[in-house]
Protein chains: 4
Amino acid sequence: MSGNTFGHLLRLTSFGESHGPAIGGVLDGMPPGIALSEADIQPALDRRRPGTSRHTTQRREPDTVRLLSGVYQGETTGTPIGFVIDNTDQRSKDYDRIARQYRPGHADLTYIAKYGRRDPRGGGRASARETAVRVAAGAMALKVLTHLLGPDVAVRGALVALGGRAVDPARWDWNAVADNPFFCPDPETAALWAEDLDKVRKAGSSVGAVAQVEAHGLPAGLGAPVFDRLDADLAKALMSINAVKGVEIGAGFAAAAFSGEENADEMRPDGAGGIAFQSNNAGGILGGISSGQPIVARAAFKPTSSILTPRRSVDQDGNAVEVVTTGRHDPCVGIRGVPVAEAMMTLTLADHLLRQRAIAPG
Amino acid sequence: MSGNTFGHLLRLTSFGESHGPAIGGVLDGMPPGIALSEADIQPALDRRRPGTSRHTTQRREPDTVRLLSGVYQGETTGTPIGFVIDNTDQRSKDYDRIARQYRPGHADLTYIAKYGRRDPRGGGRASARETAVRVAAGAMALKVLTHLLGPDVAVRGALVALGGRAVDPARWDWNAVADNPFFCPDPETAALWAEDLDKVRKAGSSVGAVAQVEAHGLPAGLGAPVFDRLDADLAKALMSINAVKGVEIGAGFAAAAFSGEENADEMRPDGAGGIAFQSNNAGGILGGISSGQPIVARAAFKPTSSILTPRRSVDQDGNAVEVVTTGRHDPCVGIRGVPVAEAMMTLTLADHLLRQRAIAPG
Amino acid sequence: MSGNTFGHLLRLTSFGESHGPAIGGVLDGMPPGIALSEADIQPALDRRRPGTSRHTTQRREPDTVRLLSGVYQGETTGTPIGFVIDNTDQRSKDYDRIARQYRPGHADLTYIAKYGRRDPRGGGRASARETAVRVAAGAMALKVLTHLLGPDVAVRGALVALGGRAVDPARWDWNAVADNPFFCPDPETAALWAEDLDKVRKAGSSVGAVAQVEAHGLPAGLGAPVFDRLDADLAKALMSINAVKGVEIGAGFAAAAFSGEENADEMRPDGAGGIAFQSNNAGGILGGISSGQPIVARAAFKPTSSILTPRRSVDQDGNAVEVVTTGRHDPCVGIRGVPVAEAMMTLTLADHLLRQRAIAPG
Amino acid sequence: MSGNTFGHLLRLTSFGESHGPAIGGVLDGMPPGIALSEADIQPALDRRRPGTSRHTTQRREPDTVRLLSGVYQGETTGTPIGFVIDNTDQRSKDYDRIARQYRPGHADLTYIAKYGRRDPRGGGRASARETAVRVAAGAMALKVLTHLLGPDVAVRGALVALGGRAVDPARWDWNAVADNPFFCPDPETAALWAEDLDKVRKAGSSVGAVAQVEAHGLPAGLGAPVFDRLDADLAKALMSINAVKGVEIGAGFAAAAFSGEENADEMRPDGAGGIAFQSNNAGGILGGISSGQPIVARAAFKPTSSILTPRRSVDQDGNAVEVVTTGRHDPCVGIRGVPVAEAMMTLTLADHLLRQRAIAPG
């Protein structure tokens, strides 16, 4: 394992830097016979794409994906799918100054510590640009889920808090998510976020956010205890996204303050041979295995580290410096993190669905 | 991958059910030449062992570990270390009744969904008993860290909240952790927890908790972006522990409400050629790679699902039932979760330390 | 990967030295619902067991396997199966002399080079004793095959050459294999081998051998190109056995001298909707995927390196020495290699069968 | 694992079909600081390239590699290296006829059995074209070896038998290998092969071959028993190449006819603190670990399955057919298999070198 592969039976191997010729990946393990073309992937990339509102970075990338293999006559063949997304908007500029500075909150210091060097252009491999590869692969993984489970399977995400202001669960409307630039399920909160974020952007500052992702229509039985539990793999999947500092399943940290009575998700017969859960504190996962309830996870994104306010730091030579990060940045990386979180949940679920098929009776 | 192996270069493979003859594992990848005997492991097991205070389950297990291989003349040879811990206190009782009930919060339903059957004796594989294997392996992984990095490396844990009552960071004293049955770093809070937990236990109820684990003395450079980030692997490691529903690194969910200015960990030259960080919101990890600061993570444990208050549920045949869980249970599984969380952090760090050695210059 | 795990979905992790307390392993990924007990495994171990004829080592080990987990009420539960085989016949002797000698053909030198130390007692981890773990796991893997494919699946092996004397294919009789101590399918050759080997043993010498293993009743479609081809994984499986220096599939090296016409396995409709192959030079594998024909592989075993004739060598300090290996040794390790080769083929096939289920239509 | 990734710490993930837009891969785990550009890779690709003599297929592919990531300012950064090789000479033709025929010796039948479909254009994924990706990666792996071990490390290959005619070891001259189109180390035999192969080609037939690959300058200590032995991983590496049906290490199958005395590689002090082996029947590997001697392996290639002589077969509908394979084919795939075998040996060695660094003392 060298770090750039995710999954076991459905495996994404990713490559690419912010300012190299292209980013891309290989998705290996796609079952054969799934209708697939670039048109299945592009909409997901467009949701993540920068520059679609004033609230995200003004870098303009078409993020056009090209499939290089694994598809014949419009269907997957079972062989690996190579894909690339060209980098097009790479502003040539002088990186010499920042190339030796350790920007607080960035990976400058740690890439130097690990590799003895780093590609400073646009953050190199540490740039959030690599998440486009995840989104492309997630769109393909979603085709695996719908191919094997039917069209009612859904993985969807929303932003539930931005800069400390949370949505009102009572006003939650999944249909609203596409109607604002924040993936916000609560239109009233979305309007307030727009105001909040305008102030943040004008101040050259940034804010954190919390994303929630849910999967509906997945069967019970996914997950491989004791280590490859579904929740453990989801935690890894979400924590591997740039800027994520916390992950919750179901009630999450709130459960730590619950009593056993409050936490227990009671069950009743649903009258149709199934089970009607009375609550979902478990987030759809018990003992590391999906229960058939919706799978619910949240990821906390820290604020964008690139801010205009000078911060004290050091450079690669050990000198004290003041760092100001100019350039084109998202004031809140959590926003565009929503489709990335969806993609990572989808990849995790598709992988475990294939794993479960391997041992399932019949 | 079949679910019961953790790590890549230092790999723990675990086996065992609560009421089988034994639990155990294989730890493969131990570097040669490390002094190792059962005496290095037993103290860690004793910290996790049940029955040491009135606040944990009264099941009595000596949890004696036996090493079966991989050590010669008191030192590791580089070959895999097989080890077993016999199960001794397996009360014979009639499991027929609960064998077909789905206890809320337990994995009964999901094991049936996944495997079509389950071992109902004491929770079978889903029992927290398997975490003893993790603790034994964690003690060996700690020897890897100290062997390669020196005796100042430390991985330590504490309980920072129980049932909604949190410790006061101002009173934090690592030395206090061993002086109370809660791994509590704040003696005043520990006294209150004792009262809280007596009430909970008498009521046949349970509570959740939050554990914090920290690693000190680890070098910068550990972690393998973009997927096998150190934080991502820690998230998986901690979320794979029974009853954990949330994981944070550094400021965690609090960072989602920070501004960029608040979140930035400023740096100064430390006067000795190194870097003095002014804060540690990052929890010692930037871009998925350790920064040289202390590595800080937290895990939220849900309340023990076994409670005396009847809960509505269904059985394997779809009938409505009321479930009451008698037997010997921890009122707060988070307490004994502390050494388990330490072990999982240690295993993760040792694995990444070996991975980093593979590519390091020189 | 640390070297002691084999397989992906059905995974054997092995541990143990020749003279430690026990050898054993964990078999993870067993599908649930398979009837399994020690009685299913012991006959396979007994076939490999030393001391059953004058032609194998006189070390006496009962090789009794104990299952520690993963079975409930006589059936697999889907959780990992821990198992141990105690070492009982460990003659205490002075290993000091040979402990510092590099015996030609042994792994003494290379274990020192790799690990800086070695366990000299009976060969330590490099002893063929570890193959008992493989045989036990192979017996369990065979249960996976018959559980999923029916009772007609068979994996069987035979010795086809010993010391340069080969069996006559025209006299091949699978039923004869159990009737002689060589797993020889040709009774006439078996009688000659007995004479040959008596001479070898009396001379304190040793000889090499070739084993052939076949799998019947496996479906077409197993194997995962381009790297995890079925033949590639079989090659690894067989070459990982102590003393194996060559592996062939089907016609093997003979195919290198064939013309395309000679090599082509022609096909005809079999009259029942299937395919009747006219030959099997491919050994049942095309493009790395099983074709439905019998899968045929051979492994070449070098002679036992322990011989009484003095050989020149060096010791750990660089001094010239003469090495004479006394002790209890098989004059031909290839004989007891037959059940080991069967086991490794079975483990490989069972793993690929599970992998294929993951992506199979329906 | 989904089949298209090779290696653990240095990992090649491969994609691409014969007639898709491109083939390519991701090489993850390259240590940082290695000088690398396309110019380091192209010569290796040119050695494997078709159309360079009358003895190989007349398909004309420039096989130009482009690096898409992982290199900055001419040196590797430690991040994954994405690379592509465009397919350019894809003759448009009607594949309908052969698309439903099972060509003897080809993977047509088995791809259908496995995936329910196949890309018939030029063999799709089963085409030897994918081996260009291996060769490109092998050239990068060689840079890892020389970067870490110095310029004297060498991995080289030769064809040692073609159609049953073997080279004379007494005339072996590594310098001759580049002087003929067969990678033949014996000029006299090369001249005979040219005659042989002209006849074969004119007859529309094909022949098999044996390649030998050797690694010089590798340290003792590489390999990870008991399963990831160096010889086992080499066996997998070589057997994973198209058309390979047998693999030998050192004396290989000949060792099966040796006595223990003949097989033992005696050692003497070399007068410089090292060891002088008197022979190399072990092929440089003892107990699955490199001994410091040259590592020697051979691979047997079956004849090209595409021949002009009609062969009986069946089609996808179960009908009897006669198959004649027209088109541009190598009469002996083993020739161009030499650089592929070198590449696979190099990838295996570089992976194990990194693995050994992880646990090495100091």
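Begin by selecting Arg66(D), which stands opposite Val84(D) in strand 7 of chain D. The model on display is a predicted one.

**The open sheet of chain D**

Extend the selection from Arg66(D) to the two strands around this pair. Strand 4 of chain D and strand 7 of chain D (residues 81-86) pair in the antiparallel sense, over 3 bridges. Now colour the whole sheet of chain D. Its 5 strands follow the order 1-2-3-7-4, with antiparallel pairing, and the sheet is open. The edges are taken by strand 1 (5-6) and strand 4 (65-67) of chain D; each has a single partner strand, so one side of each is left without a neighbour in the sheet. As a general point, strands of a sheet pair through backbone hydrogen bonds, in a parallel or an antiparallel manner.

**Chain A against chain B**

Next, display chains A and B together. Here 103 residues of chain A are in contact with 102 residues of chain B. The two chains bury about 8,100 Å² between them, and 61% of that area is on carbon and sulfur atoms. On the chain A side, select Lys114(A), Phe227(A) and Lys245(A): these residues lose the most area to chain B, together 11% of what that side buries.

Turn then to the polar features of this interface. Between chain A and chain B there are 10 salt bridges. One of them can be shown by selecting Arg229(A) and Glu130(B), whose closest N and O atoms are 3.9 Å apart. The count of residue pairs in polar contact between the two chains is 53, with both residues at pLDDT 80 or more. The side of chain A that touches chain B consists of 48 nonpolar, 34 polar and 21 charged residues.

Strand pairing also crosses this interface. Select residues 244-249 in both chains: strand 11 of chain A and strand 11 of chain B run antiparallel and are joined by 3 bridges. Within strand 11 of chain B, Gly246(B) is the residue that stands opposite Glu248(A).

**Chain A against chain C**

Keep chain A and replace chain B with chain C. In this interface, 11 residues of chain A are in contact with 11 residues of chain C. The buried area is about 890 Å², of which carbon and sulfur atoms give 58%. Highlight Arg357(A), Ala358(A) and Ile359(A), which lose the most area to chain C and together account for 55% of what the chain A side buries. There are 0 salt bridges between chain A and chain C, and 4 residue pairs are in polar contact, both residues being at pLDDT 80 or more. The chain A residues that touch chain C divide into 8 nonpolar, 2 polar and 1 charged.

**Helix 3 of chain C**

Select residues 108-115 of chain C. This is helix 3, in which 7 of the 8 residues are buried; among them are Leu109(C), Tyr111(C), Ile112(C) and Tyr115(C). Add chain D to the view to see the packing partners of these buried residues, including strand 12 (267-269), strand 13 (275-277) and helix 8 (333-359) of chain D. Gly116(C) follows helix 3 of chain C and has a positive phi, near 80°.

**Asp186(C)**

Finish at Asp186(C), in the loop between strand 9 (165-166) and helix 5 (187-202) of chain C. Asp186(C) is buried, its relative accessible area being 0%. Its side chain makes a polar contact with the side chain of Thr189(C), at 2.4 Å. Leaving aside residues up to four places away in sequence, Asp186(C) touches Val167(C), Asp168(C) and Arg171(C).

Methods:
Residues are numbered from 1 along each chain as its sequence is written. Chains are lettered from A and ligands numbered from 1 in the order in which they are written. This is a predicted model: local features need pLDDT of at least 70, side-chain atom pairs count only at pLDDT 80 or more; totals for chains, interfaces and linings use all residues. Side-chain values use heavy atoms; hydrogens and water are left out. Buried means under 20% relative accessible area, exposed over 50%, partly exposed in between (1.4 Å probe, protein chains only). Helices (H or I, at least four residues) and strands (E, at least two) are DSSP runs, numbered from the N terminus. Contact means heavy atoms within 4.5 Å. Buried area is the accessible area (1.4 Å probe) that two parts lose on being put together, summed over both. A salt bridge is a side-chain nitrogen of Lys or Arg within 4 Å of a carboxyl oxygen of Asp or Glu. A polar contact is a pair of N or O atoms within 3.5 Å; within protein, one must be able to donate a hydrogen and the other to accept it, and residues adjacent in sequence count only if both atoms are side-chain atoms. Ala, Val, Leu, Ile, Met, Phe, Trp, Tyr, Cys and Pro count as nonpolar, Asp, Glu, Lys and Arg as charged, and the others, Gly among them, as polar. Two strands pair if DSSP finds at least two bridges between them.
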